[in-house]
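User: I'm new to this one and would like to walk through it with you. Could you take me from the overall layout down to individual side chains?

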Amino acid sequence: ADKAQGSRENLAHRLCMLALASPWPIALTLTPALYQTRELFTERAQAAQVDFVCGEDLYRRIFLSRYYEQLSGGIDEGLNRLFAGQTRLWVCGRETELDFPEQARLLAESKSAQIQRVPLAMPEASSDVRAKLAADTADWREQLLPAVADYIVSAGVYA
């Protein structure tokens with residue numbers, strides 16, 4: 001929902017890096033909100049349950065009302081639609097406390113039974129990798145899987 005048309009190449013690179021790092025199938029949808037993606041999978045793919053693995057940035061956005069303004073019931077309707085069918089969020093990231101606006105924090109707490117935090121051993125955000133590459137820091141590869149680091153070099157990602 002927040003990505004401009006010009007970011008499609010960046011999206012393609014991110015998908016390639018995910019495919020290199022993941023043993024699971026990866027699907028790309030054009031649904032702008034996660035509740036719409038859940039509905040797409042349950043209705044069209046006949047999935048009995050849909051869980052999402054996401055990073056901290058997406059997790060924060062899930063609980064911001066601006067992403068649900070098109071719904072007559074606003075964020076309450078959007079969250080009810082997202083968490084229907086016992087959908088779970090597996091939130092991968094650092095073991096730090098997340099910075100949420102108060103209302104978003106309360107909404108996240110209300111869904112805590114369906115949210116699992118998964119601390120990562122190598123929690124390197126793409127913005128951190130870009131900053132290290134821009135600064136020509138020698139250790140940028142250390143927080144990435146070797147195949148992902150090789151892909152960044154060979155594809156010229158973040159150059």
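**Packing around α4**

Analyst: Let me begin with helix α4, keeping in mind that this is a predicted model: the elements that cover the buried residues of α4 include α2 (34-44), β1 (52-55), α3 (56-62) and α5 (102-110).

User: Which residues of α4 are buried, then?

Analyst: Helix α4 spans residues 74-82, and its buried residues are Gly74, Ile75, Gly78, Leu79 and Leu82. They lie on the same side of α4, because they cover an arc of only 125° around the axis.

User: Let me step back for a second. How many helices and strands does the chain have?

Analyst: The protein chain has seven helices and three strands, and from the N terminus on the order of the elements is α-α-β-α-α-β-α-β-α-α. Along the principal axes, the C-alpha atoms fill a box of roughly 50 × 35 × 30 Å.

User: And what share of the residues is buried?

Analyst: Of the 159 residues in the protein chain, 30% are buried. As for how the chain contacts itself, if you take the contacts between residues at least 6 apart in sequence, 64% of them join residues at least 24 apart.

User: Back to the helices. What do the buried residues of α2 pack against?

Analyst: They pack against β1, α3, α4 and β2, the last of these being residues 89-93. The buried residues of α2 themselves are Leu34, Tyr35, Thr37, Arg38 and Glu39. Just after α2 comes glutamine 46, which takes a positive phi of about 55°.

User: At what angle do α2 and α4 cross?

Analyst: Two packed helices are described by the angle between their axes and the distance between the axes. For α2 and α4, the axes cross at roughly 35° and come within 8 Å, and the crossing is left-handed.

User: Which residues make that contact?

Analyst: On the α2 side they are Leu34, Tyr35, Arg38 and Glu39, and on the α4 side Gly78, Arg81 and Leu82. By type, the residues of this contact divide into three nonpolar, one polar and three charged.

User: New topic: how many salt bridges are there?

Analyst: The count comes to eight salt bridges. In general, side chains of opposite charge can pair when their charged atoms come close. One of the salt bridges is formed by aspartate 51 with arginine 88, whose closest N and O atoms are 2.7 Å apart.

User: Where do those two sit in the chain?

Analyst: Aspartate 51 is in the loop between α2 and β1, whereas arginine 88 is in the loop between α4 and β2, so the pair, 37 residues apart, links distant parts of the chain.

User: Are they buried, exposed or in between?

Analyst: Aspartate 51 is partly exposed, with a relative accessible area of 29%, and arginine 88 is also partly exposed, at 34%.

User: What about α5, which salt bridge does glutamate 102 form there?

Analyst: The side chain of glutamate 102 meets that of arginine 105 in a salt bridge, with an N to O distance of 2.5 Å. The two residues are three apart in helix α5, so they are separated by about one helical turn. Glutamate 102 is partly exposed at 49% relative accessible area, and arginine 105 counts as partly exposed at 29%.

User: Which residue does glutamate 109 pair with?

Analyst: Glutamate 109 pairs with arginine 105 in a salt bridge of 2.4 Å, again taken from N to O. Both residues lie in helix α5, four residues apart, which is about one turn of the helix. Elsewhere, salt bridges that share partners join Glu39, Glu77 and Arg81 into one network.

User: One last residue: is glutamine 103 buried or exposed?

Analyst: Glutamine 103, which has its place in helix α5, counts as exposed, because its relative accessibility is 56% and the cut-off for exposed is over 50%. Its C-alpha lies 9.2 Å in space from that of serine 65, although glutamine 103 and serine 65 are 38 residues apart in sequence.

Key: Residues numbered from 1 in each chain as written. Predicted model: local features only at pLDDT ≥ 70, side-chain atom pairs only at ≥ 80, totals over all residues. Heavy atoms only, no water. Buried < 20%, exposed > 50% of the residue type's maximum accessible area, 1.4 Å probe, protein only. Arc of directions from axis to C-beta. Contact = heavy atoms within 4.5 Å. Salt bridge = Lys/Arg side-chain N within 4 Å of Asp/Glu carboxyl O. Axes fitted to C-alpha atoms, helices over the stretch in contact; angles between N-to-C directions. Left-handed = near helix turned anticlockwise from the far one by under 90°. Nonpolar A, V, L, I, M, F, W, Y, C, P; charged D, E, K, R; others polar.
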